[in-house]
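Q: Could you pick one spot in this structure and take me through it slowly? I'd like to start from a single residue, work outwards along its chain, and then see what the other chains are doing.

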Amino acid sequence: MGDIITTIGTFLTDLLSSLGMGPSAVEITIKIIVAAILGVFGIGLVIFTVWLERKVAGRIQDRLGPNRVGPYGIFQTVADAIKLLTKELITPAGADKVPYNIAPVFSVLGVLLIWAVVPFTTNAIASDLNVAVLYIVAVGAFGVLAVLMAGWSSNNKYALLGALRVVAQTISYEVPLVLSLLVPVMLAGTMSTQGIVEAQPIWYIVYVPVAAFVFFVSSLAEVGRPPFDLLEAESELVAGFHIEYSGMRFAMFFLAEFMHAFAISALTAVLFLGGWRGPWVQQYPTLGFVYLGIKTMVVYFVVMWVRCTVPRVRIDQMLNLNWKFLVPLSLVNVLMVAILGKLPLRLSEEQVAEVLQNTPWVEWAFGPEFMAELPRAVLFLLANAALVIVVLALLGVYARRERRKVEALVDEGEFSAPQPAAAHQ
Amino acid sequence: MSINEWTFIAIFLIVAALIPVAAIVLGALLGPRKPNPVKVQTYECGMETHGDTWVQIKAAYYIFALVFLVFDVEVVFLFPWAVAYNQLPLFAVIEGVVFILILAAALVYVWQKGALEWV
Amino acid sequence: MVPLWMYLVVSAGLFAIGVYGVLSRRNAVAILMGIELMLNAVNVNLIAFWRYLTPMDVSGQAFALFVLVVAAAEAAVGLAMIISIYRNRQTVIAEDIDLLRG
Amino acid sequence: MEITAETVAFAIFAVFTLGGALGVVTMRNLFHAALMLILSLFGVAGLYILLTAPFLAAVQIMLYVAAVAILIIIAIMLTRSLMKAPIAANKQWEVSALIALIVLVSLVAVILQVSGGRVRSYWPQEPVGDVPADSITALGASLVDPDRYVLPFEVASVLILAAMIGAIVIVRSRPTS
């Protein structure tokens with residue numbers, strides 16, 4: 001009861017069977033319908049998130065944001081989309097036609113495919129792959145490929161250099177991303193996203209906040225969102241690898257970026273914030289959509305917040321942040337989880353029963369699994385806190401040393417102000 | 001695990017490719033189409049484009065790709081290890097730890113050699 | 001399922017094309033791509049035999065993984081050598097790289 | 001053999017694999033050859049999925065398409081190979097084609113066991129069993145099992161580390177002249 005997915009599934013099966021289809025044809029048709037819904041959902045969402053982002057950014061920067069088209073400017077994105085639809089598609093002279101045309105399609109494809117493994121509720125996941133986590137990393141290859149093809153085929157030096165820099169950024173940040181993905185896989189003992197959600201009576205952000213942080217930051221860099229948008233820096237530079245694209249082809253790159261930002265929010269929610277988990281979700285699976293939606297929006301709000309507050313980084317800072325901070329941190333984190341995870345801290349059923357006898361409200365609120373996992377979660381949290389303190393201390397030492405270096409240079413009269421490292425080519 | 005799960009991925013791959021294709025085709029139909037030699041020129045900040053597009057790039061790109069490749073290869077081994085982690089004896093976990101330490105040695109090497117500097 | 005010999009034929013075709021690429025291309029990077037094709041043909045073989053003959057064991061997958069590592073190492077070092085030669089001799093044409101001929 | 005979804009998928013992936021491979025060895029433009037290589041490797045990943053090895057399929061795309069192919073494309077751009085190779089094939093391409101043909105014919109002959117003009121395939125038509133559901137877990141356990149692959153596992157790590165150090169030393173060495 002209260003289960004939308006089963007109801008709709010049964011309804012569709014009955015409907016299609018009554019049209020005289022065989023069982024396998026029915027199955028394929030349902031799969032096609034689900035795929036179409038997911039695809040349209042993924043793209044339709046962008047119409048909303050672009051508006052939301054402009055509105056939120058406006059408020060944070062003390063502006064109004066879009067407010068002309070429709071109530072609260074909600075149809076602004078629709079108007080923009082129609083404008084882009086009627087723009088001319090210019091193909092630059094000397095463009096390499098085939099890769100040039102495939103690139104925008106690939107960039108959307110690489111993001112849209114992520115939605116196939118996002119579990120929406122207890123029984124709603126488009127495809128419960130047992131290698132889902134690796135699948136997410138693998139489909140990211142389409143995005144990298146799209147950038148390379150776009151940059152190469154445009155016959156433009158800036159596009160090519162921009163593309164190479166994007167590739168350098170994306171592949172660099174993929175390292176901490178994948179290393180932080182290892183942590184939920186280790187804790188849950190499966191690569192299936194549905195399995196990872198089911199293994200989270202206590203959200204993984206409580207166990208491993210450091211891994212969640214690394215995942216979030218490196219995902220932001222993968223997407224190329226501010227503060228990591230130095231390669232297209234819309235306010236200063238020409239557009240980077242998609243400089244030669246116009247009209248709908250350009251819109252596809254734009255779309256892919258916003259879709260990706262939302263998809264990584266959903267992934268963060270699934271992998272670290274318990275996905276569809278919440279009160280009464282087992283009885284009413286439909287609630288799972290709501291919980292996942294809320295968690296995703298919270299993460300997405302943080303994405304927008306970061307965009308509006310953190311200044312853009314330079315390319316050498318971007319690479320240093322990755323290789324000298326995030327990668328060592330995630331390596332240490334994986335080692336820590338590997339060692340701590342082997343400590344026998346899970347409570348047995350008798351111990352859980354004993355504790356629950358004294359505090360029955362805990363079982364009512366969270367369930368017995370929660371109690372069994374609690375000591376482990378607390379230990380992980382403490383260890384993570386210790387790691388954070390050590391890292392902050394090290395960062396403090398580093399920052400002091402850098403400041404002394406700059407001060408020494410200023411004293412010698414070499415520079416009147418801190419000199420940025422030359423990062424031009 | 002079944003082939004069935006992948007049937008959906010195959011269908012989704014086709015649908016997900018058709019959506020942007022449809023959008024671009026629609027854009028091509030709705031938009032004007034009046035190319036002229038000036039319009040289709042390569043845009044390099046208004047200057048006449050000069051020389052080949054394939055300028056010499058620096059070797060740092062190769063080094064970053066190389067380090068990425070190394071980490072990717074090693075992580076590929078760590079994923080099955082992580083999936084099996086809960087059932088592994090302590091000794092096997094230590095094997096994995098040694099593996100990660102070798103990976104860390106790679107990072108220390110490139111860091112010490114200054115290969116991670118962008119200049 | 002598709003019979004095993006079909007996979008073997010595809011893999012043999014891939015291997016032969018790789019051999020042709022290695023022997024006939026002038027550009028050293030292209031020769032390396034031919035080698036990658038040959039290594040992939042080997043992997044298809046390993047996985048196909050594993051699936052049809054010993055699916056209960058994991059040896060086929062483990063072997064394919066190790067082949068992948070060797071392929072990656074080969075590509076890394078091979079391309080580095082090509083880049084180094086290009087810097088010294090301004091060429092990537094395999095026939096022109098005849099330093100040892102004196 | 002009746003036509004099922006699986007045979008169709010197999011045919012498509014086989015065409016991707018072999019067609020892409022042909023593109024790799026014949027395309028004059030090296031960037032296109034690299035894209036063809038990616039197509040071919042993608043086809044191989046599809047074959048892995050049909051062979052119920054989804055883990056290797058994901059690894060194939062993650063490693064080859066995202067790492068090795070990008071390394072190759074960067075090397076193409078670094079060596080500016082695009083302008084320097086007006087002709088794709090060398091002088092001995094006819095001989096090479098002949099050798100490749102001989103390799104192909106002999107391999108196919110072994111696979112199909114041509115004897116006395118009669119094709120006889122003794123390979124199994126069907127797999128002997130199903131892949132266990134926890135095959136990835138088993139793989140992970142066998143990689144660190146002292147009786148199985150723990151030595152290759154650690155050696156592989158050292159190998160790739162050595163390869164990386166070697167490659168970095170080679171790339172960073174200054175030209176001698």
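A: Let's start with A:Thr29: setting aside the neighbours within four places of it in sequence, A:Thr29 is in contact with A:Leu16 and A:Met21. Keep in mind as we go that this is a predicted model. A:Thr29 sits in helix 2 of chain A, which covers residues 23–60.

Is A:Thr29 tucked away or out in the open? It's somewhere in between: A:Thr29 has 16 other C-beta atoms within 10 Å, so it counts as partly exposed. To be buried it would need 20 or more, and to be exposed 12 or fewer. For a sense of distance, take A:Phe120, which is 91 residues from A:Thr29 along the sequence and 21 Å from it in space, going from C-alpha to C-alpha.

Now slide along helix 2 of chain A and you'll run into a partner. Helix 2 of chain A packs against helix 10 of chain A at an angle of about 90 degrees, and the two axes are 9 Å apart. That angle is why helix 2 of chain A is described as roughly perpendicular to helix 10 of chain A. On the helix 2 side, the contact is made by A:Gly42, A:Ile43, A:Leu45, A:Val46, A:Thr49 and A:Val50. Helix 10 of chain A brings A:Leu255, A:Phe258, A:Met259 and A:Phe262. Sort the residues of this contact between helix 2 and helix 10 of chain A by class and you get 8 nonpolar, 2 polar and no charged.

Helix 10 of chain A, residues 247–272, also packs against helix 11 of chain A, residues 287–309. Here the angle is about 120 degrees and the axes are 8 Å apart. So helix 10 and helix 11 of chain A are oblique to each other, and the way helix 10 of chain A passes helix 11 of chain A is a right-handed crossing. Helix 10 of chain A contributes A:Ala261, A:Phe262, A:Ser265, A:Ala266, A:Thr268 and A:Ala269 to this contact. Opposite them on helix 11 of chain A are A:Leu292, A:Lys295, A:Thr296, A:Val299, A:Tyr300 and A:Val303. The classes in the contact of helix 10 with helix 11 of chain A come out as 8 nonpolar, 3 polar and 1 charged. Did you spot A:Phe262? That residue of helix 10 of chain A takes part in the contact with helix 2 and in the contact with helix 11.

Back to helix 2 of chain A, and on to what follows. The loop between helix 2 and helix 3 (76–85) of chain A holds A:Asp62, and A:Tyr72 is found in that loop too. Look at their backbones: A:Asp62 isn't a glycine, yet its phi is positive, about 65 degrees. A:Tyr72 isn't a glycine either, and its phi is about 55 degrees, also positive. As for their surroundings, A:Asp62 has 6 C-beta neighbours inside 10 Å and so counts as exposed, whereas A:Tyr72 has 13 other C-beta atoms within 10 Å, so it is partly exposed.

Time to step outside chain A. Chain A and chain C share no contact, and their closest C-alpha atoms are 14 Å apart. Chain C does touch chain B, though, with 5 residues of chain C in contact with 7 residues of chain B. On chain C's side of that meeting, the residues are 5 nonpolar, no polar and no charged.

What does chain C itself look like? It has 3 helices and 0 strands. Its radius of gyration is 17 Å, well over the 13 Å that the globule rule gives for 102 residues, so chain C is more spread out than a compact globule. The C-alpha trace of chain C spans about 55 × 25 × 20 Å along its principal axes. Of its 102 residues, 65% count as buried.

Which chains make the most contacts with each other? Among the 5 pairs of chains that touch, it's C and D. In that pair, 65 residues of chain C are in contact with 83 residues of chain D. Helix 3 of chain C gives the largest share of chain C's side, 20 residues. By class, that side has 48 nonpolar, 11 polar and 6 charged residues. Chain D, for its part, has 7 helices and 2 strands, and from its N terminus the order is α-α-α-α-α-β-β-α-α. Of the 177 residues of chain D, 47% count as buried.

Notes. Residues are numbered from 1 along each chain as its sequence is written. Chains are lettered from A and ligands numbered from 1 in the order in which they are written. This is a predicted model: local features need pLDDT of at least 70, side-chain atom pairs count only at pLDDT 80 or more; totals for chains, interfaces and linings use all residues. Two residues are in contact if their C-beta atoms, placed from the backbone, lie within 7 Å. Ala, Val, Leu, Ile, Met, Phe, Trp, Tyr, Cys and Pro count as nonpolar, Asp, Glu, Lys and Arg as charged, and the others, Gly among them, as polar. Axes are lines fitted to C-alpha atoms, for helices over the stretch in contact, and angles run from 0 to 180 degrees between N-to-C directions. Helices (H or I, at least four residues) and strands (E, at least two) are DSSP runs, numbered from the N terminus. Angles under 35 degrees count as roughly parallel, over 145 as roughly antiparallel, 65 to 115 as roughly perpendicular and the rest as oblique. A crossing is left-handed if the near helix is turned anticlockwise from the far one by less than a right angle, and right-handed if clockwise. The radius of gyration is taken over C-alpha atoms; the globule rule is 2.2 Å times the number of residues to the power 0.38.
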